[in-house]
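Reader: I would like a close look at a single part of this protein. Please take the central strand and work outward from there. Short sentences suit me.

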Amino acid sequence: MPALVLLGAQWGDEGKGKATDLLGGSVDYVVRYQGGNNAGHTVVVGDQKYALHLLPSGILSPGCTPVIGNGVVVDPSVLLSELSGLNERGVDTSKLLLSGNAHIITPYNVTVDKVTERFLGKRKIGTTGRGIGPTYADKINRVGIRVQDLYDESILTQKVEAALDIKNQVLTKLYNRRAIAVDQVVEELLAYAEKLRPYVSDTVLVLNQALEEDKVVLFEGGQGTLLDIDHGTYPFVTSSNPTAGGACTGAGVGPTKISRVIGILKAYTTRVGAGPFPTELFDEDGEALRRIGGERGVTTGRDRRCGWFDAVIARYATRVNGLTDFFLTKLDVLTGWEQIPVCVAYEIDGKRVEELPYSQTDFHHAKPVYEMLPGWNEDISKAKSFSDLPKNAQAYVKALEEMSGAPISAIGVGPGRDETIEINSFL
Ligand code: GDP
Ligand code: IMO
Ligand code: MG
């Protein structure tokens, strides 16, 4: 049976949590493959709302095994408190598998994230301050700490020493901060070791054996395509690969195993943090999208920047991820506009451009070229099938599908599991 990837097609917060949860009941494993607790995935089940940061959204489906893959960066204190928070709400978390090769977000990585942002001043990225970038930097610099290191005190101490050697020089001499003591870090990390031990496993082996046994594996991306370190709006990106290829490296599963790549796509666009955003609105329409869509960050509580749908970005996401399907979310939020502008191309230095420019300078200069689509006033939150939607809402979906380059196989009309119109089955 297939492996499916579900990922953000824009700048994150497209509704990946809801979409994953929807499929969670029909799959055997849900795997996070990159990012960390910079993610905030909302799942609404009945009258219960869950905000998941590090745990795969499949944790809420009893038959599903949640997996944190090798490509994820893990803050142990966040993981443990997320687990105990769910346990208190009656969710069984005992099946969780945590890769021994996943890198640990140490307290000094969080410190470095925050001081670096402060130092950058107005050039800052607007990170979530969770230590994500510095932890991936340590991984690439080969001074990272992995989950498995928690079980060998002498190795752990040597690795923390190696990591802090240069960092303490930078912290004290450049940032005017106090040096971080190796012993203190080692002690704090060792305190997590036994609590995490029941979950630690060879997740690469488990997932590949599961696929050989025809089990269904769903990879749940964090962030989104335009936040990808290679394919996003660099440098205003996160430090991992949310795009489809990231699922292979971040979980140790070969590309031949992946049969479906589902892009989660909001019916308009949002972004948190700094960086270019061609369709961003600074008027009452932007304010209305924020208010009606509840566009406030799940992780940081920051207001999300809001704008109209951008088909150039959607086409780009189709291409770099090899998308087979879209899951269009939050269509209900657009109810009530007489006309809805959709960005179909950019104008850059007086020229019409149909595809995302590879040059950062060009993208910063991109102005949206809008096409106006007729809106609708009917409440669509109870729609169960495509034909239940008003004609103009149907036409909006069809227009987006045409522009975006992959079929829209599901439509979200509300935050709940059942507030979804399924058009083509994902499984
Ligand atoms: P994620 O990070 O991609 O999982 O998305 P977030 O959870 O950060 O943000 C998506 C928000 O939209 C959450 O509050 C969801 O409950 C909500 N949501 C998801 N799908 C829909 C939908 O189709 N309609 C509405 N109104 N809300 C939705
Ligand atoms: P989910 O999974 C939206 C953004 C931050 C910042 C940039 C870098 O909920 O969609 P980082 O802390 O990762 O180094 O910050 O990336 N960012 C997100 N924006 N949704 C997310 O996750 C995000 N995770 C990181 O705001 O601009
Ligand atoms: Mg989110």
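What follows is one walk from a strand to its surroundings.

Author: A caution first: this is a predicted model.

Start with strand E1, residues 3-8. Six of its six residues are buried, so E1 is largely enclosed by the rest of the structure. The cover is on both faces. Ala3, Val5 and Leu7 are buried on one side. Leu4, Leu6 and Gly8 are buried on the other.

Now the partners. Strand E11 spans residues 258-266 and runs parallel to E1, with six bridges joining them. Leucine 7 has glycine 263 of E11 as its bridge partner. Strand E10, residues 217-220, also runs parallel to E1, and four bridges join these two. Here alanine 3 is the partner of valine 217.

Widen the view to the sheet. It is open, has 10 strands and mixed pairing. The order reads E9-E7-E5-E2-E10-E1-E11-E15-E19-E20. E1 thus sits between E10 and E11 in that order. The edges are strand E9 (200-201) and strand E20 (420-422), each of which pairs on one side only. At the E20 edge, the partner is E19, residues 408-412. These two are antiparallel and share three bridges. Alanine 410 is bridged to glutamate 422 in E20.

Which helix has E1 as part of its cover? Helix H8, residues 244-251, has E1 among the elements that cover its buried residues. The others include E2, helix H7 (203-212), E10, E11 and helix H10 (311-321). H8 is mostly covered, with six of its eight residues buried. Those are Ala244, Gly246, Ala247, Cys248, Gly250 and Ala251. Just after H8 comes glycine 252, with a positive phi of about 75°. The loop between E10 and H8 holds proline 235. A cis peptide bond joins tyrosine 234 to proline 235, with omega at about 5°.

Next, follow the chain out of E1. The loop between E1 and H1 holds aspartate 13. Its phi is near 60°, a positive value in a residue other than glycine. Aspartate 13 is also a metal donor. The magnesium ion, ligand 3, has two protein donors: Asp13 through OD and Gly40 through O. They lie 2.0 to 2.1 Å from the ion. Glycine 40 is in the loop between strand E2 (29-32) and E3, so the pair ties together parts that are 27 residues apart in sequence. How do the two donors compare in exposure? Aspartate 13 is partly exposed, at 22% relative accessible area. Glycine 40 is buried, at 11%. The cut-off for buried is under 20%, so 11% falls inside it and 22% does not.

That leads to the second largest pocket. Its volume is about 580 Å³. It is lined by 27 residues, and the closest to its centre are Thr42, Gly293, Arg304, Lys330 and Pro415. Helix H1 (16-24), strand E3 (41-45), strand E4 (48-52) and helix H9 (284-293) each supply at least two lining residues. E3 gives the most, with four. By class, the lining has eight nonpolar, 10 polar and nine charged residues.

Look again at lysine 330, one of the residues closest to the pocket centre. It lies in the loop between strand E15 (325-329) and strand E16 (339-348). Phi of lysine 330 is near 60°, again a positive value in a residue other than glycine. At 22% relative accessibility, lysine 330 is partly exposed.

One last stop is leucine 196, in helix H6 (residues 182-196). Leucine 196 is buried, with a relative accessible area of 0%. Apart from neighbours within four places in sequence, its contacts are Pro76, Leu79, Leu80, Leu98, Leu150 and Tyr151. Threonine 225 is 29 residues from leucine 196 in sequence. In space the two are 31 Å apart, C-alpha to C-alpha.

To recap the route: E1 is buried on both faces, and the loop between E1 and H1 carries aspartate 13, a donor to the magnesium ion.

Methods:
Residues are numbered from 1 along each chain as its sequence is written. Chains are lettered from A and ligands numbered from 1 in the order in which they are written. This is a predicted model: local features need pLDDT of at least 70, side-chain atom pairs count only at pLDDT 80 or more; totals for chains, interfaces and linings use all residues. Side-chain values use heavy atoms; hydrogens and water are left out. On a 1 Å grid over the protein atoms alone, a cavity is a set of points where a 1.4 Å probe fits but cannot get out, and a pocket is an open set with protein on both sides within 12 Å along at least five of seven lines; lining residues have an atom within 4 Å of a point. Grid points are joined across faces, edges and corners, and a volume is the space filled by probe spheres set on the points. Ala, Val, Leu, Ile, Met, Phe, Trp, Tyr, Cys and Pro count as nonpolar, Asp, Glu, Lys and Arg as charged, and the others, Gly among them, as polar. Buried means under 20% relative accessible area, exposed over 50%, partly exposed in between (1.4 Å probe, protein chains only). Two strands pair if DSSP finds at least two bridges between them. Donors are N, O and S atoms within 2.8 Å of the metal (3.2 Å for Na, K and Ca); water is not among the atoms, so sites may look incomplete. Contact means heavy atoms within 4.5 Å.
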